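Me: Hi! I'd like to walk through a protein model with you, one small question at a time. Could you help me read it?

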Amino acid sequence: MGSRLDLKQNYKVEAKYGAFYTGGSVQWTTKGSLLFCQHGSSVKALALEDGKVKKCFDLGEEEEVTAFTISSDDQILAVGGRSGLLRHYDLETEKLERTWKSFHVGSIACMVFDSTSTLLASGGCDSTLKVWDVVRQYCTHHLRGAQGVFSVVKFHPIASTAQLFGAADDCRIHIWDLRNSILVGSLSGHFSVITDLAFIGNGDQLLSSSRDKVMMLWDTKTLETLKTVPVFESIESMILLSNSEVLSDAIKDTKGPHVVTAGEKGILRLWDVATATCVQQQNLNPAPEGPLSQVSYCAEKRALLAVSFDHNITIHSPDGFEIQKQFVGFNDEVLDLRLLGHDESFLAVATNSAQVRLFELATFNCHLLRGHSDLVVALDVFRSDPMLLATASKDNSVKVWKVHDDGHADCLFTGKGHTAAVCSVACPFLSATFLVTGAQDHTLKLWEVPPRPRLVTLVDPCSGAPLQTRDTQLAHDKDINSVAVSPNDQLIATGSQDKMAKLWSSTDLSLLGTFRGHRRGIWCVQFSPVDKVIATSSADTTIKLWSLTDFTCARSFEGHECSVLKVIFLSRGMQLLSSGADGNLKLWNVGDNECVKTLDEHQDKAWALTANLGESLVVTGAADSAIVVWKDCTAEEIQEVFHKQETLILQEQELSNLLKEKKWSKALHIALTLEYPFKALTIIKEILLEENGQEVLKKALEPLREDQMDTLLRFACTWNTNSKHSAAAQAVLSIALRTYSPDAFLKMPNARSNLEGFLPYTERHFQRMNRLRQQALFLEYLWSNMKIADVDMIPEERRE
């Protein structure tokens with residue numbers, strides 16, 4: 001057993017990965033270092049390097065972002081809300097520069113800057129276009145002619161042409177002359193909503209995409225159709241690429257121009273517009289994840305950006321469309337997670353999805369594990385082979401995956417046999433020969449895992465080879481929420497909604513004992529790494545420790561206000577870390593039933609909780625879509641406390657030396673820094689006892705900073721309550737009022753409260769001084785009369 005010094009005291013947030021994209025537009029900066037994503041009532045800037053949100057522009061809880069755009073010089077962010085307000089943000093200072101009414105009837109559907117970053121066009125849901133001068137801050141054009149909600153707006157690439165192109169629900173491309181504010185013409189040919197526009201060369205030709213499964217090439221001068229390109233899918237977005245930007249052999253014999261399309265098939269495809277042929281397409285195995293909503297290109301990074309309707313953002317190479325990075329914009333509820341890999345560099349996450357999300361912790365690059373047909377609800381890792389991952393799903397199956405060093409994974413095995421959703425899965429510690437599952441069919445299954453060399457070639461990469469059941473037991477009367485394997489692989493524990501936990505033999509699933517005591521269903525069960533006990537967490541808000549020898553409750557931990565969803569052992573079994581339905585984490589000392597720390601970062605049910613092997617990191621996931629990485633800061637805090645104590649001792653010694661040397665000014669400075677009011681009072685009194693004490697005190701107070709003067713006045717306010725110290729307090733107040741102007745004095749943080757504290761006691765001291773003065777005058781009068789009376793009583797001869 002470890003000592004008490006080994007116990008954890010606190011964890012701090014090392015990183016937090018929350019939702020940053022919930023649908024809408026995605027745009028990256030010219031240099032490609034940041035991605036601006038639409039997220040509910042805010043626009044968030046995601047760093048491609050580490051997957052963290054660097055900036056957030058929030059419109060408020062009652063507002064929702066409907067459109068945004070970034071200027072070509074990366075200086076301005078324009079955001080339109082559902083209320084019809086337009087907001088202008090400075091991207092360097094991250095400040096809101098201006099808010100104004102768009103005068104659109106309804107919300108803004110799309111926005112775009114011109115090439116000079118001085119004009120902003122906004123297309124509304126009211127069939128109107130408005131052009132704004134963002135420098136002079138006024139509306140320059142109010143354009144009509146289209147019908148319906150605008151889907152796309154683009155300025156002509158040559159600013160001197162002064163033309164604006166827009167498409168709405170009427171399936172036409174409308175062209176306005178900005179010099180005369182008139183509709184020049186309309187391009188008809190599409191039979192569905194036009195989703196994107198792209199200019200070729202100097203803008204003499206225009207390419208349009210639509211959901212009618214064709215692209216059309218137009219002459220912008222004659223307003224005639226030049227070519228129709230059938231693409232056989234509804235196109236949501238497209239991007240033109242030059243020959244220099246695509247180095248693939250597929251375009252060697254093509255003339256161009258070349259365009260990359262994204263649509264309902266969920267794959268990127270490269271087209272040669274001249275020949276109306278698809279020259280290259282993305283190879284997704286086994287199948288695409290869903291339709292794509294947007295594609296864009298960054299010349300600086302020489303990379304393509306694809307956005308799916310599942311809120312996944314993927315970075316591709318333009319040569320062959322190989323995936324370089326992938327980010328998940330919205331995780332929904334995080335149900336379970338595990339660290340895996342030889343250096344625990346990967347994080348497997350189960351969300352409200354059939355796909356397991358495998359994140360690289362360093363960059364939060366995501367790989368999707370496809371194979372289940374329904375939600376994945378539980379995960380576990382084989383400790384003997386940390387590259388093997390087991391997943392349990394609502395499709396009644398369990399799968400075993402082999403994760404490679406590059407993050408890609410192959411499905412090795414699939415186990416089918418449960419008749420209801422598999423709720424939990426557990427892997428052994430010492431071997432990789434079996435695994436255990438518990439399901440909603442109330443059964444516990446023990447699966448035989450064959451050796452891996454027999455499965456080098458897989459027929460189906462999504463299914464792998466079948467797993468065989470070694471034993472099956474009808475274990476509980478209700479759903480089995482949790483299963484766990486003991487550190488020596490000899491025992492299995494289960495926890496169920498029937499309020500009971502049970503202990504089983506891992507060889508034949510024979511029942512060894514039952515743990516009764518919880519008042520509600522059990523959510524989690526865990527074995528201690530060293531002691532013969534198990535921990536259970538329940539919906540009755542308690543955590544219990546049970547003895548494996550006599551099956552009795554050894555300890556009970558109370559403190560959570562909601563259901564305790566997860567619990568793990570830390571510090572070699574001497575501590576517990578639990579997560580609750582209120583999002584709070586609690587750190588417990590097993591020895592004294594004490595809750596050491598409560599960690600509050602999640603806003604909803606904290607379903608997932610895991611720690612790395614060294615327990616230096618803890619990772620949690622919750623229903624608020626956030627994944628939080630916590631770092632053990634116990635050593636840092638102990639070191640910080642030691643450093644503070646050491647600094648305090650040195651400063652106290654220096655203060656003592658300065659007092660002996662009568663260096664009042666420096667001594668007062670240290671006393672205020674240490675917040676020693678009595679030492680400061682002693683110094684003030686010693687200064688006032690000197691010759692010209694007021695002048696000396698004034699010179700001593702002159703070097704003080706404003707915050708130090710505020711602290712001294714706070715001390716003086718306390719001294720003023722005692723008549724013995726009131727003289728020193730009044731001296732400090734007098735010098736402060738003479739030194740600072742009224743405005744400067746009132747800017748001090750505690751100025752008003754200090755003055756309010758001074759007034760009543762100052763009036764009382766003034767009244768006391770008046771009484772003393774009156775008494776002194778009366779005493780002097782009596783003394784004078786007594787002296788005269790004595791002279792009159794002396795005999796005359798004695799006077800002579």
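Reply: Happy to! A handy definition to start with: a residue is called buried when its relative accessible area is under 20%, exposed when that area is over 50%, and partly exposed in between. Please keep in mind that this is a predicted model.

Me: Is Gln-282 buried or exposed?
Reply: Gln-282 sits in the loop between strand 25 (277–281) and strand 26 (292–298). Its relative accessible area is 7%. The cut-off for the lowest class is under 20%, so Gln-282 counts as buried.

Me: Which residues is Gln-282 in contact with, leaving aside its neighbours within four places in sequence?
Reply: Remember that Gln-282 is in a loop, after strand 25 and before strand 26. Leaving aside neighbours within four places in sequence, its contacts are Gly-266, Ile-267, Leu-268, His-316, Phe-321 and Ile-323.

Me: Let's try another loop residue. Is Leu-430 buried or exposed?
Reply: Leu-430 lies in the loop between strand 38 (422–426) and strand 39 (434–439). Its relative accessible area is 59%. The upper class begins over 50%, so Leu-430 is exposed.

Me: How far apart in space are Leu-430 and Pro-487?
Reply: Leaving aside neighbours within four places in sequence, Leu-430 is in contact with Ser-384, Pro-487, Asn-488 and Asp-489. Along the sequence, Leu-430 and Pro-487 are 57 residues apart. In space, from C-alpha to C-alpha, their separation is 7.5 Å.

Me: Now for the domains. Where does domain 3 run in the protein chain?
Reply: The chain is divided into pieces that include domain 1 (17–188), domain 2 (194–330), domain 4 (475–631) and domain 5 (652–780). Between domain 2 and domain 4 in that list comes domain 3, at residues 333–437.

Me: How much area do domain 2 and domain 3 bury between them?
Reply: The centres of these two domains, taken over C-alpha atoms, are 34 Å apart. Nine residues from domain 2 and ten residues from domain 3 take part in the contact. Carbon and sulfur atoms account for 45% of the buried area, which is about 800 Å².

Me: Which three residues supply 51% of the area that domain 2 buries against domain 3?
Reply: On the side of domain 2 that touches domain 3, the largest share, five residues, comes from strand 29 (residues 323–328). No other three residues give more of the area that domain 2 buries there than this trio: Glu-289, Gln-326 and Val-328.

Me: How many residue pairs are in polar contact across the interface of domain 2 and domain 3?
Reply: Salt bridges are no help here, as the rule finds zero of them across this interface. For polar contacts, with both residues at pLDDT 80 or more, the number of residue pairs is three.

Me: Salt bridges do turn up elsewhere, then. Which residue forms a salt bridge with Asp-196?
Reply: The count for the model comes to 23 salt bridges. One of them links distant parts of the chain, with Asp-196 in strand 18 (residues 194–200) and its partner 42 residues away in strand 14 (residues 152–155). The closest N and O atoms of the pair are 3.5 Å apart, and the partner is Lys-154.

Me: Is Asp-196 buried or exposed?
Reply: Lys-154, its partner, counts as partly exposed at 24% relative accessibility. Asp-196 has 10%. The limit is under 20%, so Asp-196 counts as buried.

Me: What is the N to O distance between Glu-661 and Lys-663?
Reply: Glu-661 is partly exposed at 47% relative accessibility, and Lys-663 is also partly exposed, at 40%. Their side chains meet in a salt bridge, with an N to O distance of 3.3 Å.

Me: Which Lys is linked with Asp-336, Arg-338, Asp-380 and Arg-383 in a network of salt bridges?
Reply: Two Asp and two Arg residues are already in your question, and they belong to a network of salt bridges. The remaining member is Lys-566.

Me: Last one! How much of the span 652–786 is helix?
Reply: UniProt, in an unreviewed entry, lists residues 652–786 as "domain: U3 small nucleolar RNA-associated protein 13 C-terminal". The end C-alpha atoms of this span lie 56 Å apart. Strand makes up 0% of the span, and helix makes up 82%.

How values were computed. Residues are numbered from 1 along each chain as its sequence is written. This is a predicted model: local features need pLDDT of at least 70, side-chain atom pairs count only at pLDDT 80 or more; totals for chains, interfaces and linings use all residues. Side-chain values use heavy atoms; hydrogens and water are left out. Helices (H or I, at least four residues) and strands (E, at least two) are DSSP runs, numbered from the N terminus. Buried means under 20% relative accessible area, exposed over 50%, partly exposed in between (1.4 Å probe, protein chains only). Contact means heavy atoms within 4.5 Å. UniProt positions are given in the numbering used here, feature names are shortened, and annotations may be inferred rather than shown by experiment. Domain bounds come from an automatic or database domain assignment. Buried area is the accessible area (1.4 Å probe) that two parts lose on being put together, summed over both. A salt bridge is a side-chain nitrogen of Lys or Arg within 4 Å of a carboxyl oxygen of Asp or Glu. A polar contact is a pair of N or O atoms within 3.5 Å; within protein, one must be able to donate a hydrogen and the other to accept it, and residues adjacent in sequence count only if both atoms are side-chain atoms.
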